[in-house]
Amino acid sequence: MGLVKRNNTWWMSFTFQGRQVRRSTETSDKKLAEAILSKIRVQIVEGKYFEKPKEDPYTFSQLMDRYLKEHASRRAHYRRYVNMVTNVKAFFGNPKLSQITPKTIVAFKAKRYADGVMPATINRELAMLKKAFNLACREWEWAKDNPVCRVSMEKEQNSRDRWLTEQEEARLLMAAPAWIREVVTFAVNTGMRRGEILALTWAGVDFTRRTVTVFKSKNGERRTIPVNQSVLELLSHKFEQRRGSKETAVVFCSEAGTELDGSNLRRGFTAALKAAQIEDLHFHDLRHTFATRLVQAGVDLYKVQRLLGHKSPSMTQRYAHHYPESLRDGVEILDRGKTFSTNLAQRPFAPTVAM
């Protein structure tokens, strides 16, 4: 049992009837907070402590709206959060927060599966709900419990290994409009994620060092990527075009100079794939294409990991099977320094005679 200061207010933290309880003392005065905590201790010892029933004035819609305004609005992919909130609102409606239970959340998962949604998408929606309820419990004092914590996440199938062949790439670039060709060429040669490409600014382009910098990646970290000649020429061409028109901060923009969003790119990319008669290819597969081509060319997995920005080598290991020859030097090192023949076929075989 103790006190923790949060946002200039002292909070009590203790265990009551087998569960962790966090309650605000509603004061910034530490001595007063200690007095309140002492009173609670006495009530617990005397068996008189109970939590007064409170009204449940807040609704699910209010929770989602405040989550978007105070939390999601500061995130890089705000539109993605808006879409997720729209999906969960469509299912749950606008009940009181206490009416959202593990049972209703499991029903939500079942409905999303019935809609053909992938496990990874369902997990992102569950994670969003969990964060919103955590804020409601710990900071806003809107709820006493987080029902999402008692619901299991889904097992994701991350085994997809689709990449663009050179023949498919040629057909795609032939069929695509100029702005899609630029984005595809950039993605295949850098391995950057869609959001990183759309957020790339000229401030992150260094023509002298031949690098581009992702100031905030999916992992929340800065990543600097060296670029090859194909990307350097593409960026140089776009920079020259930029000088003669309305200058924009982002590298990839519309003809009107406005920023592209994921929906625009998805529609344009899908149309180009259809025109090129390429099936079962997602934009993220261009990142797989980058990694696969590197590994097939013999680039070691550590370099591929760094270029992709993976925190864990296990995420990059999925590409190892594309080039088993890269392991050959691991066994050939055993032959170094040997002065005798290892050709067993030329050696006489002397059978063992039992005595």
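Accessible areas come from the Shrake-Rupley method with a 1.4 Å probe.

**Figure 1. Overview of the chain in the predicted model.** The accessible surface of the chain is about 22200 Å², and carbon and sulfur atoms hold 51% of that area. Of the 355 residues, 37% are buried. The secondary structure consists of 14 helices and six strands. Among contacts with a separation of 6 or more, 59% are between residues 24 or more positions apart.

**Figure 2. A positive patch on the surface.** The patch is formed by Arg22, Arg74, Arg75, Lys131, Arg138 and Lys216. One of these residues, Lys131, sits in helix H5, which covers residues 119-138. Lys131 has a relative accessible area of 35% and is therefore partly exposed.

**Figure 3. The salt bridge between Lys89 and Asp65.** Side chains of opposite charge can pair when their charged atoms come close. In this pair the distance from N to O is 2.7 Å. Lys89 belongs to helix H3 (residues 78-92) and Asp65 to helix H2 (residues 60-70), so the bridge links distant parts of the chain, 24 residues apart. Lys89 is partly exposed, with a relative accessible area of 27%. Asp65 is also partly exposed, at 39% relative accessibility.

**Figure 4. The salt bridge between Lys109 and Glu154.** The closest N and O atoms of the two residues are 2.5 Å apart. Lys109 is in helix H4 (residues 102-114), while Glu154 is in the loop between H5 and helix H6 (166-175), so the pair ties together parts 45 residues apart in sequence. The relative accessible area of Lys109 is 7%, so Lys109 counts as buried.

**Figure 5. Contacts of Asn123 in helix H5.** Neighbours within four places in sequence aside, Asn123 is in contact with Met153, Glu154 and Glu156. Asn123 is buried, with a relative accessible area of 6%. Glu154 is also the salt-bridge partner of Lys109.

**Figure 6. The salt bridge between Glu125 and Arg112, and its network.** The side chains of Glu125 and Arg112 meet at 2.8 Å, N to O. Glu125 lies in helix H5 and Arg112 in helix H4, so this pair ties together parts that are 13 residues apart in sequence. Glu125 is buried, with a relative accessible area of 1%. Arg112 is buried as well, with a relative accessible area of 11%. Lys111, Arg112, Asp115 and Glu125 are joined into one network by salt bridges that share partners. The count of salt bridges comes to 12.

Definitions and conventions: Residues numbered from 1 in each chain as written. Predicted model: local features only at pLDDT ≥ 70, side-chain atom pairs only at ≥ 80, totals over all residues. Heavy atoms only, no water. Helix = DSSP H or I, 4+ residues; strand = E, 2+ residues; numbered from the N terminus. Buried < 20%, exposed > 50% of the residue type's maximum accessible area, 1.4 Å probe, protein only. Contact = heavy atoms within 4.5 Å. Patch = residues over 30% accessible without salt bridge, like charges linked within 9 Å, V, L, I, M, F, W, Y side chains within 5 Å. Salt bridge = Lys/Arg side-chain N within 4 Å of Asp/Glu carboxyl O. Lys, Arg positive; Asp, Glu negative; His and termini not counted. Charge placed at Lys NZ, Arg CZ, Asp CG, Glu CD.
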